[in-house]
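Subject: Structure for you to look through

Dear colleague,

Please find below the structure that I promised to hand over, with the sequence beside it. My notes on what was found follow underneath, and I suggest keeping the view open while you read them.

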Amino acid sequence: MEESVLLQLDRITLCQDENIVLQNASLELHNSEFVYVIGKVGAGKSSLLKSLYCEIPILEGTARIMGYDLRNMRNRDVPGLRRKLGIVFQDFQLLTDRTVVKNLEFVLKATGWKKRSEINRRVAEVLGQVGMQNKGYKMPHELSGGEQQRVAIARSLLNEPKLILADEPTGNLDPETGLQIVQLLHAICRQGKAVIMTTHNYTLVESLPARVIRCEKAGLYELN
């Protein structure tokens, strides 16, 4: 796999609950590339992302991501892969019993950060990147949906991933806030991260153009 290629899927098959989700599907992603994966609800967009962080097994084909062979992953290697990915969910998945700062500290400590000064510095950096530097003391319920998603994006950046997987990140947001979140993801991409974002909101895709892959009839099809 070339150095600039982060992800290479070649004729893969994915199943969930014994249903074929993707079959004979291929996708290649390079460093610093932004890709929308569009399609109807239930088309397999989320399953595709879950296969990339080993939540769903890939049954056939070739699947490599950042040096890992997804077809032959050992359980002990999965945490290492996930640390190299930033994952953003539709429903934010913040810990509701602690502040924004404590949410981010929790992730860093869980992934091996020890020094208090370095943890403080990294938390401040990622909150600054997403425009939430003055909200670190707040609890998640005190934030708007858009602010919670910004914190979730900050969390995804903590360990300097090369690739962000954003699964319907605007699904719970109003159109204006959703547009701001996608603008933020594009800005992060321009700073050198690759982004795969699933969505069924075609208005957003038209407003902020990038490469588009359609997920339908168990396949992945390049649109532009």
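Asn24 counts as exposed, because its relative accessibility is 52% and the cut-off for that word is over 50%. Please keep in mind throughout that this is a predicted model. Asn24 belongs to strand β2, which runs over residues 19-30, and its phi is near 60 degrees, a positive value in a residue other than glycine. Most residues other than glycine have a negative phi, which is the reason for pointing this one out. Glu160 is another such case, with a positive phi near 55 degrees, although Glu160 sits in the loop between α5 and β7. Is Glu160 buried or exposed? With a relative accessibility of 51%, Glu160 counts as exposed.

Next come the helices, beginning with α4. This helix covers residues 116-129, and its 14 residues should span 20 Å at 1.5 Å a residue, which agrees with the 20 Å found between its end C-alpha atoms. Its buried residues are Ile119, Arg122, Val123, Val126 and Leu127. They cover an arc of only 130 degrees around the axis, so they lie on the same side of α4. It may help to recall that an α-helix has 3.6 residues a turn, so residues three or four places apart point the same way. The buried residues of α4 pack against α3 (100-110) and α5 (145-157), and just after the helix Gly131 takes a positive phi of about 70 degrees.

Helix α5 has 13 residues and reaches 19 Å from its first C-alpha to its last, close to the 18 Å expected at 1.5 Å a residue. It is mostly covered, since 12 of its 13 residues are buried; among them are Glu147, Arg150, Ile153 and Arg155. What covers these buried residues includes β6 (85-88), α3, α4, β7 and α6.

Helix α6, in turn, has 16 residues and reaches 23 Å between its first and last C-alpha atoms, close to the 22 Å expected. The buried residues of α6 include Ile181, Leu184, Leu185 and Ile188, and their cover includes β3, α4, α5, β7, β8 and α7.

These helices come together in the interior. Which residues of the largest nonpolar core touch the most other members? Of its 37 residues, they are Phe34, Tyr36, Ile153, Leu185 and Met197. Among the elements that give two or more residues to this core are β3 (34-38), α4, α5, β7 (163-167) and β8 (194-199), while α6 gives the most, with 6 residues. Ile153 is a good place to start looking: leaving aside residues up to four places away in sequence, Ile153 touches Val88, Val130, Ile181, Leu184, Leu185 and Ile188. There is also a second, separate core of 36 residues, which includes Leu14, Leu70, Leu81 and Ile213.

Finally, two notes on aromatic rings. The structure holds 1 aromatic pair. The charged end of Arg98 sits over the ring of Phe106, at 5.1 Å from the centre of that ring.

With best wishes

How values were computed:
Residues numbered from 1 in each chain as written. Predicted model: local features only at pLDDT ≥ 70, side-chain atom pairs only at ≥ 80, totals over all residues. Heavy atoms only, no water. Helix = DSSP H or I, 4+ residues; strand = E, 2+ residues; numbered from the N terminus. Expected span 1.5 Å × (residues − 1). Buried < 20%, exposed > 50% of the residue type's maximum accessible area, 1.4 Å probe, protein only. Arc of directions from axis to C-beta. Contact = heavy atoms within 4.5 Å. Phe/Tyr/Trp six-rings, centres within 6.5 Å; stacked < 30°, edge-to-face > 60°. Lys NZ or Arg CZ within 6 Å of the ring centre and 35° of its normal. Core = buried A, V, L, I, M, F, W, Y, C linked by side-chain atoms within 4.5 Å.
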